[in-house]
Amino acid sequence: MSWGTELWDQFDNLEKHTQWGIDVLEKYIKFVKERTEIELSYAKQLRNLSKKYQPKKNSKEEEEYRYTSTRAFLATLNEMNDYAGQHEVISENMTSLITGELSRYVQELKQERKSHFHDGRKAQQHIETCWKQLEASKRRFERDCKEADRAQQYFEKMDADINVTKADVEKARQQAQLRHQMAEDSKAEYSSTLQKFNSEQHDHYYTHIPNIFQKIQEMEERRIVRIGESMKTFAEVDRQVIPIIGKCLDEITKAAELVDHKNDSQLVIEAFKSGFEPPGDIDFEDFTQPMKRTISDSSLSNSRGDGKSEPKFGSKSKGKLWPFIKKNKGAGPEDFSNLPPEQRRKKLQQKVDELNRDIQKEMDQRDALTKMKDVYIKNPQMGDAASVDHRLAELGQNIEKLRIEVQKFEGWLAEVEGRLPARTDHARRQSGLYEAQNTSAVNSCAQDRESPDGSYTEEQSQETEMKVPATDFDDEFDDEEPLPTIGTCKALYTFEGQNEGTISVAEGEMLYVIEEDKGDGWTRIRRNEDEEGYVPTSYVEVYLDKNAKGAMTYI
């Protein structure tokens, strides 16, 4: 099966077909190029998507990734980033192995095709020239034969005419002989030209054209093989990244399998646990006793029932509510005393760990500089050993400072861990609940106090009224306008406000509400112009005025 023998007369159609083959190859190159652009665009979009949902550094969002479910999501984002990288690899390999190679091959193919069809046209022109020569020789032979016949006929006519002179007859005879000779010469030339043309035509159709068409056929077959190989490469490029993509998906699956709902639930406990004991049972109120009935019916005043303890915040307390006031713009205290016990312990532990890491970092630098100094001592040409002494001294001072800080925070940590209440199965709700939690602190003159929200303050004496020195911070709140009254409340139980920011109330006492419970379990109330503070929401029954529909009771 050869184009040279089967398609010897289809020169123009072969020229069109080979041009169509090149067009197909260029179309495939364009297809692969657009595929690479899609892969790059897809990879870019995946990377942007992964980056969009990555947690921001030093933000609250970053802290949320301690949960196993969010860590699995973070692993998914990281794996999607690697997944995008594989699509970039697909684009790069297709560009280099397919579009780049095929583009160069198309240029070579065009040159080769041009050369083959140039040779074909040249052979075609040569055989056409030979054909024209044969036709000219044939026409010349035909013309000479006709001229010879006419000359012979004229001679015979002259010879038969008795009126013609011998000279005229002889002239006609010579002319006839000449024409016959010219016809013979034309015949010989025509015969020679015909033989030559037949030879050329045979070579043209059985040698030159088959050879040229065979080269064109081989060229076209190479093109077909090349595009087939490129299609295999197209699939192989994808297949090469499948294992890596599979690993990315396996890592996502592995991260998903590590999601532990029990662990996440425990982390929620650790994040929000306050360390306080829940209130105990409610005591029975016997309203048949006149004394209690009188107390329950008391109006909004400073009067107290007999046997009720006086509040410990008898003096102006507006400037002393700083552990509870949400408008505090400054940073919290260094010992985190504004936090509940459990949260304070966590913060202190984190601070101790951070300081220990800083110490280790400084010690590593010191060890490295010490080794460098030893090298300088042994090889003075490498450097001056005295040049690192100043830095070593700085590192020693830094380490000492950090150790002092660690000791300070470890002391606070030990103090908090010793104060965390042990949970019992029969916790009781009674008037002396918070007082019982701080019994040991009441009997000590210089011990820290644990406030209802977990802060600790230092009590100076066991007097009924606590003395707090005035500060600029206090003055800031002294200048503020008092909060408006939003309702009233009735004390369900006696509460001894022994901690800073709280206020003592007697069972059945009526007071003003100036700030609702914000979700932290404390309600801000006022007894008179100078006495206000926080009490546990569960210890009072709140009656809001206009902003509430009916009475709202917190039990």
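These legends walk through several close-up views of a predicted model.

**View 1. Helices H4 and H5 pack along each other.**
Let's start with two helices: H4 covers residues 68–160, and H5 covers residues 166–257. Their axes are 7 Å apart, and the angle between them is about 175°. Angles over 145 degrees count as roughly antiparallel, and H4 and H5 are therefore roughly antiparallel to each other. What classes of residue make up the contact of H4 with H5? There are 46 nonpolar, 19 polar and 23 charged residues in it.

**View 2. Arg226 and Glu101 form a salt bridge between H5 and H4.**
Here is a helpful idea to keep in mind: side chains of opposite charge can pair when their charged atoms come close. Arg226 and Glu101 form such a salt bridge, and their closest N and O atoms are 3.8 Å apart. Arg226 belongs to helix H5 and Glu101 to helix H4, so this pair ties together parts that are 125 residues apart in sequence. Are these two residues buried or partly exposed? Arg226 has a relative accessible area of 24%, so Arg226 is partly exposed. Glu101 has 32% relative accessibility and also counts as partly exposed.

**View 3. Glu189 and Arg140 also link the two helices.**
Now look at another salt bridge, the one between Glu189 and Arg140, where the closest N and O atoms are 2.4 Å apart. Glu189 sits in helix H5 and Arg140 in helix H4, so the pair ties together parts that are 49 residues apart in sequence. With a relative accessible area of 37%, Glu189 is partly exposed. Arg140 is partly exposed as well, with a value of 26%. If you enjoy spotting such pairs, there are plenty to look for: a search of the whole structure finds 24 salt bridges.

**View 4. Leu49, Tyr53 and Phe73 make a nonpolar patch on the surface.**
Which residues form this patch? The members are Leu49, Tyr53 and Phe73, and together they have about 280 Å² of accessible area. Leu49 is part of helix H2, which covers residues 11–52. The relative accessibility of Leu49 is 45%, so Leu49 counts as partly exposed.

**View 5. Glu515, Arg524, Arg526 and Glu532 share a network of salt bridges.**
This view brings together four residues, Glu515, Arg524, Arg526 and Glu532, linked in a network of salt bridges. Take a look at Arg524 and Glu515 in particular: their side chains meet in a salt bridge, at 3.5 Å from N to O. Are Arg524 and Glu515 buried or exposed? Both Arg524 and Glu515 are buried.

**View 6. Trp522 in strand E5 comes within 5.6 Å of Val535, C-alpha to C-alpha.**
Trp522 is found in strand E5. Buried means under 20% relative accessible area, and Trp522 is buried because its value is 6%. Trp522 and Val535 are 13 residues apart in sequence, with 5.6 Å between their C-alpha atoms.

**View 7. Asp530 lies in the loop between strands E5 and E6.**
Where is Asp530 found? Asp530 is in the loop that joins strand E5 (522–526) and strand E6 (532–536). Asp530 counts as partly exposed, with 41% relative accessibility. Look also for Pro482, which is 48 residues from Asp530 along the chain. The C-alpha atoms of Asp530 and Pro482 are separated by 9.7 Å.

Key. Residues numbered from 1 in each chain as written. Predicted model: local features only at pLDDT ≥ 70, side-chain atom pairs only at ≥ 80, totals over all residues. Heavy atoms only, no water. Axes fitted to C-alpha atoms, helices over the stretch in contact; angles between N-to-C directions. Helix = DSSP H or I, 4+ residues; strand = E, 2+ residues; numbered from the N terminus. Parallel < 35°, antiparallel > 145°, perpendicular 65-115°, else oblique. Nonpolar A, V, L, I, M, F, W, Y, C, P; charged D, E, K, R; others polar. Patch = residues over 30% accessible without salt bridge, like charges linked within 9 Å, V, L, I, M, F, W, Y side chains within 5 Å. Areas by Shrake-Rupley, 256 points an atom, 1.4 Å probe, with all protein chains shown as cover. Buried < 20%, exposed > 50% of the residue type's maximum accessible area, 1.4 Å probe, protein only.
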